[in-house]
Amino acid sequence: MILRQWLGSGARAVGLGILGVMLAAGCSPEPPGKAEKRSKKQEKNGEAALVDWAPVPRALLANDAAELARALGQLSPALASRGTAPDIAVIVLDTVRADHLGMYGYGRDTSPRLDAWAEGARVYTRAYADGPWTLPSHASMFTGLPARLHAARSLDLGDPRKGAPLDLAFETVPERLRAAGYATIGIAGNRAFLDPAYQLDQGFDVWLCNNLEQDTRGVAYTAADRVAPLARAVGVREERPTFLFLNFMDAHTPYKARRGYVKDPAKLVKKVIPGNKGFRKVATALMRGKPIDPGYIATWVEAYDSELRFLDEHVGALLAALGEFEYVFVLADHGEYLGEHALVEHAKDVYEPVIHVPFLAKGPGYPPGRDERMIQTHDLAWMVLEAAGLPVPAEMERTAELAVSELHYTLKKDLGNADYGDRFNRVRRAYVSGAHKLIAGSDGHEERYDLALDPGEDRPSASLPALFDGLDARWTAARPERPVVPANGSPAEPPDEQLRALGYVE
Ligand SMILES: [Zn+2]
């Protein structure tokens, strides 16, 4: 049934005015040739027969929960009977580091609703992102592969504004689910690297992203108070099982001091809001090793935590409304530096603040409790396929005692900056097993840490267990890097203004 009780006042708050704005602003059209390439792939997969696409674009443009629900109701049923296939939801908390949530031991009250939900979930305490930024990590979730094998991982050194899209040749998890009869619906607050230009929307009947209303304060992403009501409107289909993928972007910069979520918003507004510019100035000084007022770090933490409280309120309410979904997975694509290692934000280096992420699973086969086994964002792929009762392809990797996170270069503003030297102009890989961690880089530099004794990775240690002997050479040799395949012969062209507003280019 469609959860009609959720189609209330929130859904009607947007209407024809928004439709007009969206039509005027335009929704990035697909580049020439891409639509043709897609339809060939759909033909190959028999997808065209599954879905009547016609009613969907209206819902995308209208940005209206009720309209979305109506359009979804018109999706052609693929199965005569849905059988026993369960409904599955995946919720990505973009940029949320594990250690700032209550269930992972944070002392401040940032996640009361998520913590309550987690009481009934399996909480993976040693979860790692495949890469410390959005694009590789999401591509790993959808392919079940580490970043070097799916190649949606690298900012092109020739023009680092441009990331490499996920090759259409992959048979993604949503594509497999759709072929099995699932209605596949994605709603993404991240308007930068989840833009359709990066082709992470493969296999989705509906992909709501850059065509959604932006945060009302002009922030270049869609906030949780817009994403959550749309997600509620999706509901659960009687005629087809539902796969619902959601991305919540609120913890990403620019941090906002949300009124009602911090004690002293005026103080934060003064320090954080006027600057995105001010923020960048101080952040740059920090990365250049210049002394900065420690109060800035405290302010960033306060603002970041206020975003987590806001997120918790909306995601918490949504989780309560998703009770009919048999499986719900909640995880982050990467974390965030808050001054550690002279860094802020993410997509830089592979220290714990950006790669240790929350990962929770609820549903049959996931008994509630803490699980100390290592797990990674790419493990979501086989977990979802198993939940759906579908075969798991042999090439999908399953993390056992070792987690690996890889960063292939970083952002244009960092790469080209002589003040940073070569710090960001190298590939870095983190290998974590138990409490031990090795960081190896393309420049030959290695760092070793004992995370039990030194969780801040401040004091390199000399010894590591035998597992780490020659590990970097062995692991990379077993996984030759897949070459980056640009879309239609040219790198993806995301809307620059989105990347700029989120701090990826200057
Ligand atoms: Zn992200």
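Good morning. I begin with helix H10, in which Ala224, Arg226, Val227, Ala228, Pro229, Leu230, Ala231, Arg232, Ala233 and Val234 are buried. Please keep in mind that the model under discussion is predicted. Since 10 of the 11 residues of H10 are buried, this helix is largely enclosed by the rest of the structure. Just beyond the end of H10, Gly235 adopts a positive phi of about 65°.

Which helix packs with H10 at an angle of about 5°? The partner is helix H13, spanning residues 294–321, while H10 itself covers residues 224–234. Their axes are 9 Å apart. Angles under 35 degrees count as roughly parallel, and H10 and H13 are therefore roughly parallel to each other. On the H10 side, the residues that meet H13 are Ala224, Asp225, Ala228, Ala231 and Arg232. They face Phe310, Leu311, His314, Val315, Ala317, Leu318 and Ala321 of H13. By residue class, this contact comprises 9 nonpolar, 1 polar and 2 charged residues.

I turn now to the chain as a whole. The protein chain contains 18 helices and 15 strands. Of its 506 residues, 51% are buried. How are the contacts distributed along the sequence? Taking contacts between residues at least 6 apart in sequence, 73% join residues that are at least 24 apart.

The largest nonpolar core has 117 residues, and the members that touch the most others are Val90, Leu246 and Val384. Helix H13 appears again here, as it supplies the largest share of this core, 9 residues. Val90 deserves a separate word. Setting aside neighbours within four places in sequence, Val90 is in contact with Phe245, Leu246, Phe329, Leu380 and Val384. Two of the residues named for the core, Leu246 and Val384, are thus among the contacts of Val90.

My last example is Ala381, located in helix H15, which runs over residues 379–387. Is Ala381 buried or exposed? A residue is buried if 20 or more other C-beta atoms lie within 10 Å of its own. Ala381 has 23 C-beta neighbours inside 10 Å, and therefore counts as buried. Apart from neighbours within four places in sequence, the contacts of Ala381 are Met141, Phe142, Thr143, Gly144, Val173 and Met396. The C-alpha atom of Ala381 is also separated by 7.8 Å from that of Ser140, a residue 241 places away along the chain.

That concludes my presentation. Thank you.

Methods: Residues are numbered from 1 along each chain as its sequence is written. This is a predicted model: local features need pLDDT of at least 70, side-chain atom pairs count only at pLDDT 80 or more; totals for chains, interfaces and linings use all residues. Helices (H or I, at least four residues) and strands (E, at least two) are DSSP runs, numbered from the N terminus. A residue is buried if 20 or more other C-beta atoms lie within 10 Å of its own, exposed if 12 or fewer, and partly exposed in between; C-beta atoms are placed from the backbone. Two residues are in contact if their C-beta atoms, placed from the backbone, lie within 7 Å. Axes are lines fitted to C-alpha atoms, for helices over the stretch in contact, and angles run from 0 to 180 degrees between N-to-C directions. Angles under 35 degrees count as roughly parallel, over 145 as roughly antiparallel, 65 to 115 as roughly perpendicular and the rest as oblique. Ala, Val, Leu, Ile, Met, Phe, Trp, Tyr, Cys and Pro count as nonpolar, Asp, Glu, Lys and Arg as charged, and the others, Gly among them, as polar. A nonpolar core is a set of buried Ala, Val, Leu, Ile, Met, Phe, Trp, Tyr and Cys residues joined through C-beta atoms within 7 Å.
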